[in-house]
Amino acid sequence: MNSYQPKTAKGIILIVDDTPDSLRLLEAALTRYGYEVRSTVNGGMALTAAKAVAPDLILLDIKMPDMNGYDVCSALKASPVTRDIPIIFISALDEVFDKVKAFALGGADYITKPFQFEEVLARVDHQLTIRQLTQDLEQRVEERTAQLKQTLQDLQQAQVQLIQVEKMATLGQLVAAVAHEINNPVGFINGNLSCAKDYTNDLISLVRLYQDKFPHPGTEIEQESQNIELDYLIEDLPSILSSMKKGVDRLFQLSISLRTFSRLDAHTKVVFNIHDGIESTLLILKHRLKANDKRPAIEVIKNYGELPPIECYPGQLNQVFMNLIANAIDALDELQTKKSEELNKDYLPQIKIDTDIQYDKETVIIRIRDNGIGMPSQVKDCIFDNFFTTKPVGKGTGLGLSIARQIVVEKHGGSLDFSSALEQGTEFVIELPMS
C-alpha cells in the first residue's frame, strides 16, 4: 500500500458508506495520503453534504438502508450543482448487471469489495486527474470562446465604424453637392426677382398713368384690357412675385439646412447649436411629416430650453437626430397601418422634442417622444444590437440605433436611453456633456 504515491493535487473526497469499519479504513487511508476526507453513513446526508460544499470526488456504497447508492447517484446527477462530480462505486455486489447499472447512472468507476488500498488510491488519483484535466480544458474552451466572441464583437464594431464613416462621407458629399447645385439657380432667380419686382411696379405705375391721362383709349384697347383682365392682373402680379420670393427663400433655408445637416466633422469637436441641428433635420424630413392616405399630418411639438452651444461633432449628432426622428415617423405610420380601425377619431400623431439643461451634471438633455406603436419586450432587448431590425428586407440595415448610440456614448461621452410601451409610444433621451 505504501508503494503507491498519488500524482494529482490533493482534493476533497466524500465517502458514503453505512459500514463503520469500511468507512473508517477508507477515511484513514485517504487522509494519510493528504486528501481532505468527509464521510456520511446514508444517502440523505450525502446529498446534503455534496450540495453544501461540493467535493472533488465521491466514493459511494450501493447497499445502504433507506436510499441505496443508485438512487443517490441519480439524485446527484440530476442536480446542476453536483452532476459533474465523479462518482466511484465501492460495493460487494460483483455481478455484471450491477456494474452496468452503475455506469449507466453516471458512475465514473467501480471497485469491488473487498478492495486493496493501492487500487482505491490509484483509481481515486486517476479520476481526480481526469477531473482536473477536464476543468482545465473547459476553462480553456471558455477563455477561447470569450476571445472569439470579443474578436467577433471587435470586427462587427470595426465594420459599423467603417460603414458609418463611409456613410457620413458619402452623405456629406452628396448633400453638399445638392445644396451647391440649389444655390446657383436659386441665387440667380432671387437676384432677378428683385429686378422683376421693380420692373413690374414701374410698368404698373405707367399703366395707371396712361389710364389717368387717357381715360378713353379706344374700343380696341378697352376690349383687350377686358380680355386680359387688366385690373385683376395689376392686382395679382405683385402677389405672384411675392409668392415666388417666398419659394426662393424656402429653397435658401433648405439649402442652409442641408449644409448644416451634412457638416463634415473635423478631428476635433467644434461649438454647435443643438437646436440648429434639430431644425435642419426636421426641415429635411418635412415631407414625411405631411398628411398621407393613411394618417393625418404629424404634429411636431417643440419645447426648447435655453441651451448654450456645446462642443461636439455636429454632422454625427445630426445623424442621430435624423435616425431617431425618422424612426418616430415610422412608428406612427406603423400604428396607423395596424390599428386604423381601432384608433380614436380624435387621435393625432405627434412627435414631442424637449431640450433642457441638467445643471448638476453639466449636461444637456434632448428628449424625442412619439405616441406611436411602441416596442414589445423582445425588441427592446435588441434595438441597440448591430444589424438588428424589425423592418422588411431592403427597408433597414439594423445599424441606425447602434451607430446612434456609438456616436452619443463613445464619440461624445454621453448616454442614449429609451423607454417604450406597446401602443403608447417610445421616448429616446440623449444626454450630452456641455464641454
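Helices (H or I, at least four residues) and strands (E, at least two) are DSSP runs, numbered from the N terminus. The model is predicted, so that local features need pLDDT of at least 70 and side-chain atom pairs count only at pLDDT 80 or more, whereas totals for chains, interfaces and linings use all residues. Residues are numbered from 1 along each chain as its sequence is written, and side-chain values use heavy atoms, with hydrogens and water left out.

**Exercise 1. Determine with which strands β3 pairs, and in which sense.**

Step 1. Two strands pair if DSSP finds at least two bridges between them. Strand β1 (residues 12-16) meets this with four bridges to β3, in the parallel sense, and strand β4 (residues 87-91) is joined to β3 by three bridges, again parallel.

Step 2. Leucine 59 can be followed to both sides: its bridge partner in β1 is isoleucine 15, and its bridge partner in β4 is isoleucine 88. Between β3 and β4 the chain passes through helix α3 (residues 69-78), and this β-α-β crossover is right-handed, a term which means that, with the strands pointing away from the viewer, the path from the first strand over the helix to the second runs clockwise.

Step 3. For the side chains of β3 (residues 57-60), Leu57 and Leu59 point one way while Ile58 and Leu60 point the other way, and all are buried. Here buried means under 20% relative accessible area, exposed over 50%, and partly exposed in between (1.4 Å probe, protein chains only).

**Exercise 2. Identify the residues that touch the most other members of the largest nonpolar core, and the element that gives the most to this core.**

Step 1. A nonpolar core is a set of buried Ala, Val, Leu, Ile, Met, Phe, Trp, Tyr and Cys residues joined through side-chain atoms within 4.5 Å. The largest one has 42 residues, of which Ile274, Ile351, Ile366, Ile430 and Leu432 touch the most other members.

Step 2. Among the elements that give two or more residues to this core are α8 (274-284), β9 (350-358), β10 (363-370) and β12 (425-433). The element that gives the most is α10, with 11 residues.

Step 3. In soluble globular proteins, nonpolar side chains tend to be buried together.

**Exercise 3. Examine the backbone at proline 114, aspartate 66 and glutamate 229.**

Step 1. Most residues other than glycine have a negative phi, and most peptide bonds are trans.

Step 2. The bond that joins lysine 113 and proline 114 is a cis peptide bond, with omega about -5 degrees, and proline 114 is placed in the loop between β5 (109-112) and α5.

Step 3. Aspartate 66, in the loop between β3 and α3, has a positive phi of about 70 degrees although it is not a glycine. Aspartate 66 is also exposed, because its relative accessible area is 86%.

Step 4. Glutamate 229, in the loop between α6 and α7 (230-261), likewise has a positive phi, near 50 degrees. Its relative accessibility of 47% makes glutamate 229 partly exposed.

**Exercise 4. Trace the salt bridges of glutamate 119 and of arginine 288.**

Step 1. A salt bridge is a side-chain nitrogen of Lys or Arg within 4 Å of a carboxyl oxygen of Asp or Glu, and by this rule the count comes to 13. Side chains of opposite charge can pair when their charged atoms come close.

Step 2. Glutamate 119 pairs with arginine 123, the closest N and O atoms being 2.9 Å apart. These residues are separated by about one helical turn, because they are four residues apart in helix α5. Glutamate 119 is partly exposed at 31%, as is arginine 123 at 27%.

Step 3. Aspartate 330 forms a salt bridge with arginine 288, with closest N and O atoms 2.6 Å apart. Since aspartate 330 lies in helix α10 and arginine 288 in helix α9 (residues 286-289), the pair ties together parts that are 42 residues apart in sequence.

Step 4. Aspartate 333 also forms a salt bridge with arginine 288, the closest N and O atoms being 3.8 Å apart, and this pair links parts of the chain that are 45 residues apart. Through shared partners, salt bridges join Arg288, Arg295, Asp330 and Asp333 into one network.
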